[in-house]
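Subject: Structure handover

Hello,

Here is the structure you are taking over. Please open it first; my notes follow below.

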Amino acid sequence: QLTVSAKMRSGAPVDLSQATVEFATADPSVASIDSQGVVTGVGQGETKVWAEVTLNGHTKLAVVPVTVDDNSVIVYPTDDAHVRDGIYANDNYGNYQQLETKNDNTTDYTRQAFMKFRLDDVDFPIDSAKLLVSAAVTEPGQTEATLGVYAAEGDWSESTLNYNNRPQVTELLNSVAVTNQFAWHEIDITPYVQERQAADGVVNLSLHQRRDVDGTGKMIKIG
């Protein structure tokens with residue numbers, strides 16, 4: 001909260017009990033300030049707030065810089081790749097630009113995506129963790145599908161990953177509805193990431209289309 005005070009040139013305090021004080025912000029998307037001078041962070045960035053004081057026909061302005069930092073850290077995957085079943089089970093797709101997932105009941109058509117993150121540089125307790133992915137349904141004639149995010153166990157690398165040596169998929173962490181237009185999705189996986197931080201700091205994820213929700217296999221591309 002901003003507190004306004006004033007002094008005469010002699011150093012004597014000025015009585016502001018009869019003054020009019022108005023507060024304002026240069027960028028309300030970063031910080032807001034109410035009529036009592038209480039500043040609230042809104043979004044990350046820098047701005048300025050000020051108090052305009054009018055007394056006996058004289059106006060003075062006091063400006064204060066404000067920085068809002070949400071202390072967020074972006075962790076990029078060290079490895080990401082998808083695998084494919086059937087006659088493609090030994091193939092590696094680590095050099096593909098996009099990840100693919102499709103939970104199909106016909107052999108040769110199922111794809112499953114994997115991501116690995118390391119938390120070595122995160123040296124503070126994690127309060128919130130969200131997976132940010134750009135995804136879209138690319139199956140012809142389909143407009144929506146469900147993308148599930150699962151925990152995975154096992155050591156792997158994107159250059160050697162295939163369907164036969166893929167990590168074991170365990171619990172469903174969260175899921176999100178995806179349309180046929182590429183869009184960004186934030187998927188909360190906080191408890192699992194906290195668990196992994198307390199263990200070895202390695203976060204293994206599997207991203208897979210949920211046929212149990214959609215009823216049929218639908219191709220989703222990520223990236």
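**An exposed tryptophan**

Trp184 counts as exposed, because its relative accessibility is 61% and the cut-off for exposed is over 50%. Please keep in mind that this is a predicted model.

Trp184 lies in strand E12, which covers residues 183-188. Leaving out residues up to four places away in sequence, Trp184 touches Leu132, Val133 and Ser134. Ser134 is also the bridge partner of Trp184. Seen against Ala12, Trp184 is 172 residues away in sequence, and the two C-alpha atoms are 58 Å apart in space.

**Strand E9 and its partners**

The pairing of Ser134 with Trp184 leads to strand E9, which runs over residues 130-137. Strand E9 is mostly covered, with six of its eight residues buried. E9 pairs with E12 in the antiparallel sense, over six bridges. E9 also pairs with strand E14, residues 220-222, again in the antiparallel sense but over three bridges. In that second pairing, Ala135 has Ile222 of E14 as its bridge partner.

**A buried histidine**

His208 is part of strand E13, residues 202-209. Is His208 buried or exposed? His208 counts as buried, because its relative accessibility is 10% and the cut-off for buried is under 20%. What does His208 touch, not counting residues up to four places away in sequence? The contacts of His208 are these:

- Thr101, Lys102 and Asn103
- Thr110, Arg111 and Gln112
- Thr146, Leu147, Gly148 and Tyr150

Of these, Thr101 falls within strand E7 (99-101), and Arg111 and Gln112 fall within strand E8 (111-118).

**Two loop residues with positive phi**

Most residues other than glycine have a negative phi. Asn56 has a positive phi, near 55 degrees. Asn56 sits in the loop between strand E4 (45-55) and strand E5 (58-68). With a relative accessible area of 70%, Asn56 is exposed.

Asp108 likewise has a positive phi, near 90 degrees. Asp108 sits in the loop between strands E7 and E8. Where Asn56 is exposed, Asp108 is partly exposed, with a relative accessible area of 21%. Asp108 is not counted as buried because that class requires a value under 20%.

**The chain as a whole**

The protein chain holds two helices and 14 strands. Its radius of gyration is 27 Å, whereas a compact globule of 223 residues would have one near 17 Å. Along the principal axes, the C-alpha atoms fill a box of roughly 90 × 40 × 25 Å.

Of the 223 residues in the protein chain, 39% are buried. The exposed area of the chain is about 13100 Å², and carbon and sulfur atoms supply 45% of it. Contacts between residues at least 6 apart in sequence were also sorted by separation: 65% of them join residues at least 24 apart.

As for charge, the protein chain has 16 positive and 31 negative charges. The mean positions of the two sets are 3 Å apart.

Regards

How values were computed. Residues numbered from 1 in each chain as written. Predicted model: local features only at pLDDT ≥ 70, side-chain atom pairs only at ≥ 80, totals over all residues. Heavy atoms only, no water. Helix = DSSP H or I, 4+ residues; strand = E, 2+ residues; numbered from the N terminus. Rg over C-alpha atoms; globule rule 2.2 N^0.38 Å. Buried < 20%, exposed > 50% of the residue type's maximum accessible area, 1.4 Å probe, protein only. Contact = heavy atoms within 4.5 Å. Areas by Shrake-Rupley, 256 points an atom, 1.4 Å probe, with all protein chains shown as cover. Lys, Arg positive; Asp, Glu negative; His and termini not counted. Charge placed at Lys NZ, Arg CZ, Asp CG, Glu CD. Pairing = 2+ DSSP bridges.
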